[in-house]
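Dear colleague,

I am passing on a structure for you to look over, and you will find it just below. My notes on what was found in it follow.

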Amino acid sequence: MAERLDTDPEALRHLAGRCRWAADDLARTLANLVDGLAALGDVAGDDAAGRAFAADHDAARDRIVRALENLVACARGMAGGLQASADNLGGAERASTTVRAS
């Protein structure tokens, strides 16, 4: 077990920013994907094979979109947690090194 914890709040802030950037970039990419697929319209056809393909395709698309939305939410949550940790550790560090005059 570690006897000492050494964490750099600035490194955590940097990682929080990277997580926010990744979440924002993925959210934009997902929006472009959804818009692109919607712009294609009905490409499966109206025969039995087309309807069967569309049902499978739409269900898979919806699962993928939900999974990517969850990934965006997780990355944003990680960013918030890293930022809060940096703020808390930075505050604790400042408090522990403050010299009080008597």
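**Notes on the model**

Cys74 is partly exposed, with a relative accessible area of 49%, where buried means under 20% relative accessible area, exposed over 50% and partly exposed anything in between, computed with a 1.4 Å probe and for protein chains only. Please keep in mind that this is a predicted model, in which local features need a pLDDT of at least 70 and side-chain atom pairs count only at pLDDT 80 or more, while totals for chains, interfaces and linings use all residues. Residues are numbered from 1 along each chain as its sequence is written, and side-chain values use heavy atoms, with hydrogens and water left out.

**Cysteines**

Cys19, unlike a residue in the exposed class, counts as buried at 14% relative accessibility. Taking a disulfide to be a pair of cysteine sulfur atoms within 2.5 Å, the count comes to zero disulfides. Why is there no bond at Cys19? The closest cysteine sulfur, in Cys74, lies 11 Å from the sulfur of Cys19, which is too far for a bond.

**Salt bridges**

If a salt bridge is defined as a side-chain nitrogen of Lys or Arg within 4 Å of a carboxyl oxygen of Asp or Glu, the count comes to seven salt bridges. One of them joins Asp24 to Arg76, with the closest N and O atoms 2.9 Å apart. Asp24 lies in helix H1 and Arg76 in helix H2, so this pair ties together parts that are 52 residues apart in sequence; helices here are DSSP runs (H or I, at least four residues), numbered from the N terminus. Asp24 counts as partly exposed at 34% relative accessibility, and Arg76 is partly exposed too, with a relative accessible area of 42%.

Arg51 forms a salt bridge with Asp46, for which the closest N and O atoms are 3.5 Å apart. In this pair Arg51 is partly exposed, with a relative accessible area of 48%, whereas Asp46 counts as exposed at 65% relative accessibility. The side chains of Arg61 and Asp58 also meet in a salt bridge, at 3.3 Å from N to O, and these two residues, being three residues apart in helix H2, are separated by about one helical turn. Arg61 counts as partly exposed at 29% relative accessibility, and Asp58 is partly exposed with a relative accessible area of 30%. Finally, Glu10, Arg13 and Asp87 are linked in a network of salt bridges.

**The largest pocket**

Pockets were sought on a 1 Å grid over the protein atoms alone, with a 1.4 Å probe, a pocket being an open set of points with protein on both sides within 12 Å along at least five of seven lines, and lining residues being those with an atom within 4 Å of a point. The largest pocket holds about 270 Å³ of space, the volume being the space filled by probe spheres set on the points, which are joined across faces, edges and corners. Its lining consists of 14 residues, of which Leu37, Gly41, His57, Asp58 and Arg61 lie nearest the centre of the pocket. Helices H1 and H2 (48-97) each supply at least two residues of that lining, and the largest share, six residues, comes from H2.

**Nonpolar surface**

Leu37 appears again in a nonpolar patch on the surface, formed by Leu33, Leu37, Leu40 and Val43, which together have about 350 Å² of accessible area. Such patches are made of residues with over 30% relative accessible area and no salt bridge, nonpolar side chains (Val, Leu, Ile, Met, Phe, Trp, Tyr) being joined within 5 Å and like charges within 9 Å; accessible areas come from the Shrake-Rupley method with a 1.4 Å probe, and for residues only the protein chains shown count as cover. Leu40 lies in helix H1 (residues 9-40) and counts as exposed at 54% relative accessibility.

**Separations along and across the chain**

Ile64, found in helix H2, counts as partly exposed at 48% relative accessibility; Ile64 and Leu30 are 34 residues apart in sequence and 9.8 Å apart in space, C-alpha to C-alpha. Leu12, in helix H1, counts as buried at 13% relative accessibility, and the C-alpha atoms of Leu12 and Asn32, 20 residues apart along the chain, are separated by 30 Å.

With best regards
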